[in-house]
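Reader: I have a model open on my screen and would like to understand the words people use for it. Could you take me through a few of them?

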Amino acid sequence: YRTEGLAVRSGAGACLRMTYLGSTQTYDFLSDQRHFLPPAENWTPFHAIFPTPAGAKSVVVELLNFFVPGTVWWDDLVVHPATDAEVIQAMSARLDQAPTDDEIPYRPEEGDTVSVNPPAFTWVPAPGVKSYFVQYSQDPTFAAGATTTVHDLSLSVYTPTELIRPGKWYWRYGFDAGGTVVTSKSRSFVLPATAVPYPRPTMEAALAKIPSVRPRIYFTPESVAQIRAEAQGALKSLADPVVRAAEKQIGLPLYPEPKWLPKDPQERSKAYLLSFQTMRPFTAGMETCALAYIVTGDRRFAEEARRRLLHFSTWDIEGPSGVRHDDEAAMDIVMRGPRTFDWIYDTLSEADRKTCTDFLCKRLAQVNRLHRDMPFDSRPYSSHPGRMIGFMVEGTIVFAHEWPEATTWLDYYLRLLW
């Protein structure tokens, strides 16, 4: 191919598009894959490997100038089944790519001396790869008997759950390309005997530490009894301000469900600021009332917290308060909602518990999907998603024994934190 006057734009320009169909007779679209090429003034050879999706019966090959000014010439295109050598060569090019400014780099880097045992292994995601393996060994050849291999990793980070021996180690990552194993280059690191023990907890160990009774976040039934017993004694200076603040919240108007933010950037910024400035006091008041119930056992406070929590259950989770539209509103509910639910749980009816569990877990699922889509494991440098990590850990603890997906979320966030 060659080009003339071709504008440079991400996701545009000289493009080979492979459109896979589930039929040889009709346009039964399955998927398409695109391979973009940089501008080239002279005739330039190229090759690309495309994995064929399951169920494909035919493919439409298109040579395009994809939506930019300029001209592209094509010649001598050949399509054939890829050989093993071609697959390995193409797939290997996806590994060991340099991280961009917003990506976590390779860790441990070549020659690093690490400070924790075991270290976290991180790598730059390879385009199109959904499942990785990671290997670590004290043998530079990665002999099978001396190597630990962990398969089926969907994230580009892995921390072992067991300590490893001090000394010099080697690690690499890779993936299975349709039966052909492709590995990155080897990186070495030194683990000193003085490294701080910090293995990632297994899910079994983590779940065993989460009480099945409530409250379970910040408080336990035992600590609640102690606080109430001492609220007018040793803890009076701490308890009284909470109670006074909660008294002021009882019976205040319910905060209305937010409207869609304006499309104009300046007006959107103003509305966004006004939204969280006015909503935060309402959600904070809900949590304050729940905390006052913890302190005093006065059901008036629990009832006010319940009134607000059930009000949030009527909001459209995919609407204006959704995390992808107004993340401040969504974040406030995800932060304070599970705490409130946990603290007033014993005052709620079974119907209320079901309603609150359902809408709060759907909110948590929405934030978890945001993190995975970023993906946060390789691109974590964003303010609000970073703040949400802690709230998600709290939420997964609150629902760990009641909502099946909560354990999957907790496992995901423990992998990020370790």
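Author: Happily. A residue counts as lining a pocket when it has an atom within 4 Å of a pocket point, and strands and helices are DSSP runs numbered from the N terminus. Keep in mind that this model is predicted.

Reader: Which elements supply at least two residues each of the lining of the largest pocket?

Author: They are β3 (29-37), α1 (84-92) and β12 (167-177). The most comes from α1, with five residues. The whole lining has 27 residues, and Ile49, Pro51, Met91, Arg94 and Pro127 lie nearest the centre. The space in this pocket is about 750 Å³.

Reader: What makes the lining of the second largest pocket count as 19 nonpolar, four polar and three charged residues?

Author: Each residue is classed by its type: Ala, Val and Phe, for example, count as nonpolar. Among the residues closest to the centre are Ala48, Phe50, Val78 and Val79, so these four fall in the nonpolar class. His80 is also one of the closest, and His is not on the nonpolar or charged list, so His80 counts as polar.

Reader: How do you know that α8 and α10 meet?

Author: Contact means heavy atoms within 4.5 Å. Residues of α8 including Cys361, Leu364 and His371 meet Thr408, Trp409, Tyr412 and Tyr413 in α10, so they satisfy that cut-off. The helix axes are 11 Å apart, at an angle of about 35°.

Reader: Why is this crossing called left-handed?

Author: The term applies if the near helix is turned anticlockwise from the far one by less than a right angle. The passage of α8 over α10 is classed as left-handed, so it has that anticlockwise turn.

Technical notes: Residues numbered from 1 in each chain as written. Predicted model: local features only at pLDDT ≥ 70, side-chain atom pairs only at ≥ 80, totals over all residues. Heavy atoms only, no water. 1 Å grid on protein atoms, 1.4 Å probe; cavity = no way out; pocket = protein on both sides within 12 Å on 5 of 7 lines; lining within 4 Å. Points joined across faces, edges and corners; volume = space filled by probe spheres on them. Helix = DSSP H or I, 4+ residues; strand = E, 2+ residues; numbered from the N terminus. Axes fitted to C-alpha atoms, helices over the stretch in contact; angles between N-to-C directions.
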